[in-house]
Amino acid sequence: MNLPLQAVMQTFCIEARERIAELEAGLLTLEQAPSDTEALSAVFRAAHTIKGSAGMLGLDAVSAFTHGFEDVLDALRTGARRFEHRLGELLLLAADHLAL
């Protein structure tokens, strides 16, 4: 069964909004509890899902932007970076940018 591209893109947009909401919720949790590995993993998974879905649909700009977002999250997961208030603000701005 082949879905029209418009339906596929509509589904992507709905799911991306859900993942962005997860990103924002997780980032707000990290603002209060920077060492919450569960919240960080949830944020990483949400970004990873957006990146992969965008890539499959040929939305290269979205995929590339989200890849950079994911790289920062991975640095947090590995301990190469620490979650700080300013970084949280920037990541929330990045999530807002994805929502556009």
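**Close-ups of helices H2 and H3**

**View 1. The residue that follows H3.** Right after H3 comes Gly79, with a positive phi of about 90°. Keep in mind, here and in the other views, that this is a predicted model.

**View 2. H3 from end to end.** Helix H3 (60-78) is built from 19 residues. From its first C-alpha to its last, H3 reaches 26 Å, close to the 27 Å you'd expect at 1.5 Å a residue.

**View 3. What H3 tucks away.** Look for Ser63, Thr66, Phe69, Glu70, Leu73, Ala75 and Leu76: these are the buried residues of H3. Their cover includes H1, H2 and H4.

**View 4. The two sides of H2.** Ala39, Leu40, Val43, Phe44, Ala46, Ala47, Ile50, Lys51 and Ala54 are the buried ones in H2. They sit on the same side of H2 because they cover an arc of only 160° around the axis. Here's the handy bit: an α-helix has 3.6 residues a turn, so residues three or four places apart point the same way. Now check the other side of H2, where Thr37, Glu38, Arg45 and Met56 are exposed. Covering the buried residues of H2 are, among others, helix H1 (5-32), H3 and helix H4 (85-99).

**View 5. H2 and its two ends.** At the N-terminal end, Asp36 acts as a cap for H2: one of its side-chain oxygens lies 3.1 Å from the backbone nitrogen of Glu38. H2 itself runs over residues 37-56, and its 20 residues should span 28 Å at 1.5 Å a residue; the end C-alpha atoms are 28 Å apart, so that agrees. Just past H2, you'll find Gly58 with a positive phi of about 75°.

Methods: Residues numbered from 1 in each chain as written. Predicted model: local features only at pLDDT ≥ 70, side-chain atom pairs only at ≥ 80, totals over all residues. Heavy atoms only, no water. Helix = DSSP H or I, 4+ residues; strand = E, 2+ residues; numbered from the N terminus. Expected span 1.5 Å × (residues − 1). Buried < 20%, exposed > 50% of the residue type's maximum accessible area, 1.4 Å probe, protein only. Arc of directions from axis to C-beta. Contact = heavy atoms within 4.5 Å. Polar contact = N/O pair within 3.5 Å; in protein donor to acceptor, adjacent residues only side chain to side chain.
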